[in-house]
Every structure is written in structure tokens, then in C-alpha cells.
Amino acid sequence: MKNWTIFIMIILPFLAKAQEEAADTVATLAAQELHEVVVAASPVVHKVDMDVYRPSASAVANAKDGVQLLNNLMIPEIVVNDAMQTITTYGEAVQLRINGRMVGIEQVKSLLPESIKKVEWINNPGLRYGKVAGVLNFIVTNPTVGGSLMLSARPALNLRWGTYNADVKLNSGRSQWNVGALLKATNHISAHRDYYERFTYPDLTTLTRRETPREGYVCDTWGNAWLSYSYVKPDTTTFYVSLSSSATFDTEKCYNGTMTLSNSDEQIYITDNQGMSGYKPSLSMYLEQHFERKQTLVVDCRASAYYGDTYTDYLERRPTATVPHTNVHTFIHDSNKAFGMEANYIKEWDNSKFTAGINYGANRNRSSYHNLDGAVFHQRQDRMNLYGEYLAKVGKFALTAGLGANWVKYKFVETRQGNSEWMVRPQLSVDYQISPRTSLRLGYQMWQDAPTLSQTNVVAQQIDGFQWVEGNPNLKMSKSYKLSLTYRFFLPRINASLSAIAYNNSDAITTCLGWRGDRLVTGYENSKGLRNIALRFSPQVVVIPQWLMASGSVSFRHERMEGADYLHYHNNWSGNVAVMATHYGFTLSCQYICAEKTIYGEVISWPESISLVDLTYNWKKWSFAIGMIMPFGKYDQGSMLINKWNTNENHMRADIRLPYISVSYNLRWGKQKRNLDKLINVGVDVDRSSAAGR
């Protein structure tokens, strides 16, 4: 399937070119501005710091919400999976915004397609966005009066799986009230695990354990609800306040199997159960004030909390025994809080812009271990970021330069262990417009990652009969550097980019394994670094205007990972392809995602590879769809450990052929009000504990 993906992506541009020569229906260059070009047959405008996609009439007509419209745009580097509620770029999550305000996919889904005037795709985010793979910003229409009601349901026909969404907007003058909710349900879907591991002891003797699955299931049910109010006085004042709550009702993986040992003929029944549940309330407030001479001051505040439980149960018993001889139980209750504030000053001139800002965030974590007689541990985290960024256009060149200073401090209250560190973060981007249809971008980014709560937690957690895991409070921040070169070109029906990316995480925080007596302990260390080089090709092809479009990407990655006592190399091909045919109100979409395998430390991991077929018909206020997730291929996600003391391979498999139906209803009255134009968004999220498991 991987070879078919590469073949399709290579052949599509030639099919489109042949179609173009057969019929001269393509419009010529429509507009040309400084450092940007617009082609009438293509919805994309290439700017210095972003690509701007303007939805065509057919893209709007064949969509009933914001996610469907994004899928219809078929941005080459973006993978939209409406059924699974994910939007990614090269396997990484994309930051979503509405008029600059950071949101979740549920709020994008609640957007009316006709209210979306353009979508900004920022694949080289500046300092103000933090560490993100890319940013999608939806620009919607100006506020007037009216309201809307949006309802949708997508249940599976053979399993307890589905997504359900409701959203109401009410407008009055310059004010808007919005209330909505989203539910994603995955309830006891049959799954199993193939597991193999080989242990090497200090005396070089070995033990092999192989797990044969008997039965199992997975659950992943979560939901969000929100209530917001906004006041907008155009070009003067914007005020926004939101109260929301997300809840993880049931996330669980349960595997039952039979384990055989290389040093014994005896079979052992095992049960490995891991899960979590909890809820996170959040409060967000935002104020934007415009002044004369193109000056803007923006302040954003957010507070959130997390209350939840994480647990693991691991049991081993002999077939004739009623009591397990190994019984590991871990139960952690978190009561964590986070708050943050960001302020930005923005000054614009005709061909340049300056942004300066400060961002402060704090986490206060409290974890109670019920399996340790209720022992309580506290961790404090503080971080601050100061930055300035300047963009200027000179002739065919555009320069974006920024400099940030990051400070991070974390401390365990009980042991008084912790660390603090200042670090400088430069960023640079140079764009050159080679011709009206081609451009070249050279970019450099640097960022830091602080250790997580689980990585620094001093509490030792048992995994099974002899495996344990514990954190390292002496970890330092890791530094990452990325250098990218991107060549973009577009013909009347082809919009494509070719990129080369070099990445270096000089002291990546990774796991490390070692024997302590009869225990194999997994800890954490600052490794000697991860380095990789990636080549990416991402085209979008209009095969038949208004009828048939295709997009996708192909990526090759070469990686080098070095630790204290190991050196590994890893190569991987990955990609995705999507084809969409539209006619007479029907939209047929086909998608295949070949997931990327990556190495980090001594773990090679891969997410799910997904195939999807969907047929949608829009009629008046209604939308009806029928489709299937995984119509071909086998579901598989997992990881592989290649440590000298423990070599294992873990596959989570599910026999999923998931047919579904989808029904949505949109009722609108008056003229739709635009969601507020928020220029910045402070990122603050609460941490949570992780219970150790296989």
C-alpha cells in the first residue's frame, strides 16, 4: 500500500497536466501583489508567512460545517479525518484558531461554511505561537445579527462508536452568546495485543516471554461543553470570556492473554488493564484594544484545573490457581491546577510589522497514590517567555527575525529537588520570490522542552513481577533546532511544495534501562541527542475543475539517535493520499494514511494507519452520509523497544471494519455573527500523572 501511495502522488500531476492541455479552461494569473500570487483556478494565495485558502462556491455548497469545508479545501500538508476528529500535518497535531483565538476541533466543527471567508495555513509558525507543527486560522465573516442551530450525529452500524455535536449561536447588536457540546464515544470495541519481549540479565543469560492474545477491548469516550460571550466593536475593542469543561468519561485498554516463558513449559494467564478518567474545567478571558497609528494591545488570560484518576492493574496467574502470583495495582488521583497570562504589543507599517510579548504560566500539581497508603506528592512548575519579532519586505525578499528568552523552573515540594534554567530562543525566516509562480523559503527555529510531571516524579512504580519505572528530578531542559528549505510552485491546476528539513534535539529527554539487583528499572535521562533529515513532497491537483481533486504527501525520514550506551539509525517512508469527487450535490471522498514510524530514545513507535471512504449528499438544511473506516488494510498501532537489556515488540490490533451513517441539520436565521477576532492566545494546560504499564 505504501508503494501505491507514492505511485499515486507521482502520477497525479501528469494526469492533471494532460487534462490541462486537452481543454484550455484554466484562468490565467488574476492578481499579483508584493510577495504573493493568486491564481484564479486555485484557491490558494502564497504569502510571506502563510498560505491563504479562499473556499470556492462548490467547496462551501458541499459542506455543512467547518471541518467538512477544511476537508474540501484539500490542503496538501493537512490530513483531515472528520470521522476520528483529528487534524494533523505529517503525523503531528495542528493548532486550530478562529480569527486568531485558539480553539478545539469541536469549535471548528460548529462553524457555518458560508461564514468562513478564508483559511490561513501557517506551516512555519513564529515565536508567538510557541512550539507547534503548524497553525490553521479560520477567518470568518463580520458580525451582524441572527443566530444558528447546528446538530450532527455519526453513529457506527456495527459497534458502539460515534460522534455527536450540538451548537447554538445567538447574536444581539455587538454581542454574541454561544453554547455547544461534543461527544466522542468508543465503548468496548474488541481488540487484542501481540506482545513479545526478551530480557538479558547482567550475566548475559536471557529470558523470552511471548504473549498470545485471548481477548480484550478498548474504550475511549470523551466530551467537551462550552459557554462563551463576546463583544466586538469593529476596529476598536474586542472582549471575550468563555467557560468550558472537557471530560474523559472512560479511556481504557484491557488485554487478556497467555504468556509462555523460554525457561519453562508452563503457561501463565495474564491480564493487563490500563485506564483513566477525569474532567478539566477552564476559564478564558481576552481583551484586544486598537489605538491610532496601527497599534494594538492584546491581553489573554486562562485558568484551568484537572481532577482525575489514572490506574493500571497487571495480574499473572497459573491456569490451575485461583489467586494471582503477581498482582500489581497502581491508582493515582490528580488534583492539578494551571493558570497563565500573555500580553502582546503589535505595531504595523506599510511593509513591516513588529510584535513584542510576554507569556507567563504556572502549574500546581498534587498527586495522591492510593496504592502507597495515600501518599501525596506536590510539584510546582513556572515558566516565562519574553520575545520580539520583526517582519519586513524588501523587493523580492522578505525577512522575519525574532528573539525570545525562556525561563523554566520546577520543584518537588516533598524532596525539595528541582531545577531552573534560562535559555535564549532565536528564530529566522528568509523568503525569496523567484517568479510569480515559484518561491523559496529558508527557515531556522529553536525551542526548549521542559521535563513532564511523569518524567521527573520520584515515585517508583511497579510494572510487573520485576519491572519498575521512576522519574529523574535532575533532568534539564532539552533544546531543539530545526533548519528547513522549502520550494513552492504552482501551475494552473497544481499547487505543490518540496521541503528538506534538518532537525537536532541535542539533549532529548528519553528513557533509559538498567538492572538494580533483581529489578529492571526504567528511568529518564538527557540523551546525547536525536538528529534527523526529512524530505517531503506535498501536491494538490485539480484533475477536473469542480469535479475531481486530489492531494497528499510523501515523506522520507532518516534518523540518528544516540544515548549513553547506544547508537541507532532508522529510516522510514510515510504518506497520505486523498481523492474527492463532487457532482450533483454528492461528494465521494477516499483517503489513505500510511503512518510514520519514528524513533525516540530506544523506542520505535507508530500511530494508526487509516483508510476511509465517505459518500455525502447535501439537501437544503440537511446533510446525509454513509461511509466506512478501514474498508481495507488491518488496524495496527504499537511500539518496539531495542534496548540491550529488554527487546520487545507491542502491536495493538483491532478487527475494525467500521461502517457508519451521518446526519446533520443546520438552521440559520438572520445574518451570521463572526466569532471574535483574537490575535493571540495564551497556552496553558494542566499536567496529569501517568501510571506505569507494559
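## Exercises on cysteines, a sheet and a surface patch

A search of the whole structure, a predicted model, finds 0 disulfides.

**Exercise 1.** Work out how Cys 254 fits this result, and decide whether Cys 254 is buried or exposed.

*Solution.* Start with the bond itself: a disulfide covalently links the sulfur atoms of two cysteines. Next, look for a partner: the nearest cysteine sulfur to that of Cys 254 belongs to Cys 219 and lies 9.0 Å away. The cut-off is 2.5 Å, so Cys 254 is in no disulfide. Finally, check the accessibility: Cys 254 has a relative value of 8%. Buried means under 20%, so Cys 254 counts as buried.

**Exercise 2.** Find the strand order of the open sheet that holds S28, and explain which strands stand at its edges.

*Solution.* First, write down the order: 4 strands run S27-S28-S32-S31, with mixed pairing. Then turn to the edges: strand S27 (461-462) and strand S31 (509-516) each have a single partner strand, so one side of each lacks a neighbour in the sheet. Now take one pair inside the order: S28 (residues 467-469) and S32 (residues 519-526) run parallel and are joined by 3 bridges. To place one residue, note that Val 469 has Thr 522 in S32 as its bridge partner.

**Exercise 3.** Locate Leu 615 and classify its exposure.

*Solution.* Begin with the strand: Leu 615 sits in S39 (residues 610-619). Its relative accessible area is 35%, which means that Leu 615 is partly exposed. Last, see its company: Leu 615 helps make a nonpolar surface patch of about 690 Å², together with Leu 157, Tyr 584, Phe 586, Leu 588, Ile 626 and Ile 661.

Notes
Residues numbered from 1 in each chain as written. Predicted model: local features only at pLDDT ≥ 70, side-chain atom pairs only at ≥ 80, totals over all residues. Heavy atoms only, no water. Patch = residues over 30% accessible without salt bridge, like charges linked within 9 Å, V, L, I, M, F, W, Y side chains within 5 Å. Areas by Shrake-Rupley, 256 points an atom, 1.4 Å probe, with all protein chains shown as cover. Salt bridge = Lys/Arg side-chain N within 4 Å of Asp/Glu carboxyl O. Helix = DSSP H or I, 4+ residues; strand = E, 2+ residues; numbered from the N terminus. Buried < 20%, exposed > 50% of the residue type's maximum accessible area, 1.4 Å probe, protein only. Pairing = 2+ DSSP bridges.
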